[in-house]
Amino acid sequence: MREFLGLLNGTFAATTPVLLAALGGAFTYYSGMFNIAMEGMLLVAAFCAVLGGFLSGSWIVGLLCAILGGVAVALLFILFAIVLRTDEFVTGIALNLLAVGATTYALRQIFKTSGAFQDPGIPAIPALDIPGLSALPVVGPLLFKQNLIVYVAVMLIGLAAYVIFRTRYGLRLRAAGHNPQALDTAGVPATRVRVWALLACGVYCGIGGAFLSTGYLQLFGENMSAGRGWIALAAIILVSGNPWGIALISLLFGLADGVGLLLQGNGLPPQITDTLPYVATLLALWVYARRADRTRQTADRGA
């Protein structure tokens, strides 16, 4: 039972940053932008959370700094991809590389260390201990004693779904991706809608990065986002940006990560267990490609 609870707790922890990044990416997906800069947004946000929290002694300041870091990367994406009209894919790759280089350089210049910075002075985002409910057997520690950001992520699923499918902005967001010329004709610039989508993505990734470095691990390591932004992109593609589908796919990826940690605790080399989330991502994309190919073949036969 203890191993089972540890697996579920590890799953929730591994799911949260992927889920938050993917929810933010859903906004850009519906706006018609191919945003692969989520990896860089997570990484910069993770560093800013540690920097802000360590200097101020407050996890709240660290969280706000993380959000500002994610938004800063989003603003760079806006500058190049929207204002200067550079290629979105190339811009995303460049920002991801910039994030790795900039955070590594800042880690060595500010904290005078390389590899990773871990210090008791880094304030951790607290876990919520709901009185009474957290004492329930089995489900108590699992559902009512999680990190604050885990609960925030669950609420943000509903918020993203509501904004995208139930609001005027959501209608314009989907129009920007489906028919931007019609949206421009209606007097609403598609570029403005996309700007707000990228800023929303920066906020979501900022929260995810803060959880990664000050909620999940309480340290910053070079390139610690470790492909989570790419996994988030895969989750978006697999469910066509639907927030509820993103939550399910992210949970499956988190489960693969949790299984890897469990197997590592039972003696398997970490070089093998650490690959499980990425293997799961590749398998999911392969299934998606096969399904899309069958759909296309069916449509061709019908024509």
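This briefing walks through the overall build of the protein chain and then visits a few residues and one helix. The model is a predicted one. Its protein chain holds 13 helices and 2 strands. With a radius of gyration of 20 Å, close to the 19 Å that the globule rule gives for 303 residues, the chain is as compact as a globular protein of that length.

**Overall build**
- If you like to picture dimensions, the C-alpha atoms fill a box of roughly 55 × 45 × 40 Å along the principal axes.
- Of the 303 residues in the protein chain, 47% are buried.
- Taking contacts between residues at least 6 apart in sequence, 74% join residues at least 24 apart.

**Surface and charge**
- The accessible surface of the protein chain is about 14,600 Å², and carbon and sulfur atoms account for 67% of that.
- On the charge side, you will find 17 positive and 12 negative side chains.
- The centres of these two sets of side chains lie 10 Å apart.

**Thr 16, in helix α1**
- Thr 16 belongs to helix α1, which covers residues 2–30.
- This threonine has a relative accessibility of 3%, and because the cut-off for buried is under 20%, Thr 16 counts as buried.
- Its side chain reaches the backbone oxygen of Phe 12 at 2.8 Å.
- Setting aside neighbours within four places in sequence, Thr 16 is in contact with Ile 149, Val 150, Ala 153 and Phe 211.

**Gln 146, in a loop**
- Gln 146 sits in the loop between α5 (139–143) and α6 (148–166).
- Although it carries a polar name tag in this loop, Gln 146 is buried, at 8% relative accessible area.
- Not counting residues up to four places away in sequence, Gln 146 touches Asn 9, Phe 12, Ala 127, Leu 128, Pro 141 and Tyr 151.
- Phe 12 is thus a residue to look for twice on your screen: Gln 146 touches Phe 12, and the Thr 16 side chain reaches the Phe 12 backbone oxygen.

**Helix α10 and what follows**
- Helix α10 spans residues 228–238, and 9 of its 11 residues are buried, so the rest of the structure largely encloses this helix.
- Among the buried residues of α10 are Arg 228 and Gly 229.
- The buried set also includes Ile 231, Ala 232, Leu 233, Ala 234, Ala 235, Ile 236 and Leu 238.
- Just after α10 comes Ser 240, which takes a positive phi of about 55°.

Definitions and conventions
Residues numbered from 1 in each chain as written. Predicted model: local features only at pLDDT ≥ 70, side-chain atom pairs only at ≥ 80, totals over all residues. Heavy atoms only, no water. Helix = DSSP H or I, 4+ residues; strand = E, 2+ residues; numbered from the N terminus. Rg over C-alpha atoms; globule rule 2.2 N^0.38 Å. Buried < 20%, exposed > 50% of the residue type's maximum accessible area, 1.4 Å probe, protein only. Contact = heavy atoms within 4.5 Å. Areas by Shrake-Rupley, 256 points an atom, 1.4 Å probe, with all protein chains shown as cover. Lys, Arg positive; Asp, Glu negative; His and termini not counted. Charge placed at Lys NZ, Arg CZ, Asp CG, Glu CD. Polar contact = N/O pair within 3.5 Å; in protein donor to acceptor, adjacent residues only side chain to side chain.
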